[in-house]
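Hi,

Here is the structure I promised to send over. Have a look at it first, and my notes follow underneath.

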Amino acid sequence: MELNKKTNIGVLGAGTMGSGIAQVAATFGHHVTICDTSDHALEICRNNLRKTMDKLIEKGKVTQSKADDVLFNIIYSTDLHSLKNCGLIIEAIVENLDVKKTVFSKIEDVIPNDSVLASNTSSISIASIAGGLKFPERFIGLHFFNPAPIMPLVEITPSFITEIGLTQKVKQLVSDWGKIAVLAKDTPGFIVNRIARPFYSESLRILEENIADIATIDWALKEYGHFRMGPFELMDFIGHDVNYIVTETVFTQFYFDTRFSPAITQKRLLEAGLYGKKTKRGFYDYRDGATQPQPIKDETLGRYIIERVLAMLINLAYDSLYLQIASKEDIEIAMTKGVNYPKGLFAWAEEIGLENVFNTLEKLHNDYGEDRYRPCLALKNALKS
Ligand SMILES: NC(=O)c1ccc[n+]([C@@H]2O[C@H](COP(=O)([O-])OP(=O)(O)OC[C@H]3O[C@@H](n4cnc5c(N)ncnc54)[C@H](O)[C@@H]3O)[C@@H](O)[C@H]2O)c1
């Protein structure tokens, strides 16, 4: 199946990601069918897309006639048969393997045998979804970031049974949509959700050890790392219901490698229903009139925090390269375009000196005696070369 502007696109799931992906495809000019089991979800999606286009008109980013075209290009349905003429179907439903497999097997009964199937899953293996299909070679991972119309990155993940050539076709299409596509191996968390884990988990560790409080850790990473948001602000923004589950999934899928350990503190917030901004309470209190904690702006402490978190991030970037999860170039692109890091981690490592990164990890490794801090082989090799 050729993939081009004339390809009808199906989007399964009218939630946060599905509506964003539909907007991207419809803006490029595709006819898009959004299919969801819930009439209510479809109604919300339709209203939100209309509001989004109105805002874009107001800001002068699109003309009225372009906005009309985009909205006209999208149809909404609760019936899977509405996807029967789609050449590419992108699934963005609940993050549950059994549900995804069931729905894909139903879709296969209504679509042509050469239509392409893709999943926007953040953490489920592409092979495990493809494994249940009649034609698993037409299946691929297509991981957009939230909000899909704004975030430029898309991770493309073929499984080991994906047809040779499909990856390139999908990559071309996604690039035509104005996205930046990177290739990731079918491993837990792909690129971004794997390498970014220590940004949260090492910060949580520093908090749990009472080395610094949330406001100070957030301040340190913004002040000395130039991250746009601190880890606690970002976890609250993403929501602990999403962020904790991704951490736990990556941890269990990597056979409990302690570099990915989740933190009890975050789990407790999740258990208490304090998801962050969306529930008005998380690490921070977002209720009206709440007082906010103030950072202790101590340079020595701040530099210790950034060095520790950054060393862990860089170690995972080298490890991901070593395990061929992605190319060096794609890892740099993924971390700067998928999670807005101020620099690529390899470039950052060069800037602060590989030896310094290695020494930070070695010291942590010796002090704690924990495998979590082991410098990876690729980092050691890079240091020697
Ligand atoms: N939210 C994010 O930041 C984000 C980022 C990247 C990837 N993802 C992934 O995208 C997927 C969707 O996430 P989301 O945040 O958009 O979820 P969401 O909860 O906002 O939306 C999911 C939608 O799927 C619908 N749905 C559930 N079961 C269905 C079925 N069997 N058939 C049709 N529709 C069904 C629900 O009614 C709902 O409207 C997940 O796999 C998630 O891991 C999410």
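Helices here are DSSP runs of H or I with at least four residues, numbered from the N terminus. Keep in mind that this is a predicted model.

With that numbering, Met-312 belongs to helix α13, which covers residues 299–322. Met-312 counts as buried because 25 other C-beta atoms lie within 10 Å, and the cut-off for buried is 20 or more. If you skip the neighbours within four places in sequence, Met-312 is in contact with Pro-198 and Glu-202. I also checked Gly-189: from Met-312 to Gly-189 it is 123 residues in sequence and 16 Å in space, C-alpha to C-alpha.

Next, the ligand. There are 24 residues around it, and the closest are Gly-13, Gly-15, Met-17, Ala-41 and Asn-146. Two elements, α1 (16–28) and α4 (97–108), each give two or more residues to that shell. The largest share is from α1, with three residues. As for chemistry, the shell has twelve nonpolar residues, ten polar ones and two charged ones.

I spent a bit more time on helix α2 (residues 39–58). How far apart should its ends be? At 1.5 Å a residue, its 20 residues should span 28 Å, and the end C-alpha atoms are 29 Å apart, so the two agree. Which residues of α2 are buried? Those are Cys-45, Leu-49 and Met-53. They sit on the same side of α2, because the arc they cover around the axis is only 65°. What do they pack against? The buried residues of α2 pack against α1, β2 (32–35), α3 (64–72) and β3 (74–77). On the face turned away from that buried side you will find the exposed residues His-40, Asn-47, Lys-51, Lys-55 and Glu-58. After α2 comes Gly-60, with a positive phi near 75°.

Last, a strand pair. β4 (residues 88–91) and β5 run parallel, and four bridges join them. One pair to click on is Ile-89 with its bridge partner in β5, Leu-117. Within β5 (residues 116–119), Val-116 and Ala-118 point one way while Leu-117 and Ser-119 point the other way. Both sets are buried.

Cheers

Conventions. Residues are numbered from 1 along each chain as its sequence is written. This is a predicted model: local features need pLDDT of at least 70, side-chain atom pairs count only at pLDDT 80 or more; totals for chains, interfaces and linings use all residues. A residue is near a molecule or strand if its C-beta atom, placed from the backbone, lies within 6 Å of it. Ala, Val, Leu, Ile, Met, Phe, Trp, Tyr, Cys and Pro count as nonpolar, Asp, Glu, Lys and Arg as charged, and the others, Gly among them, as polar. The expected span of a helix is 1.5 Å times one less than its number of residues. A residue is buried if 20 or more other C-beta atoms lie within 10 Å of its own, exposed if 12 or fewer, and partly exposed in between; C-beta atoms are placed from the backbone. The arc is that of the directions from the helix axis to the C-beta atoms. Two residues are in contact if their C-beta atoms, placed from the backbone, lie within 7 Å. Two strands pair if DSSP finds at least two bridges between them.
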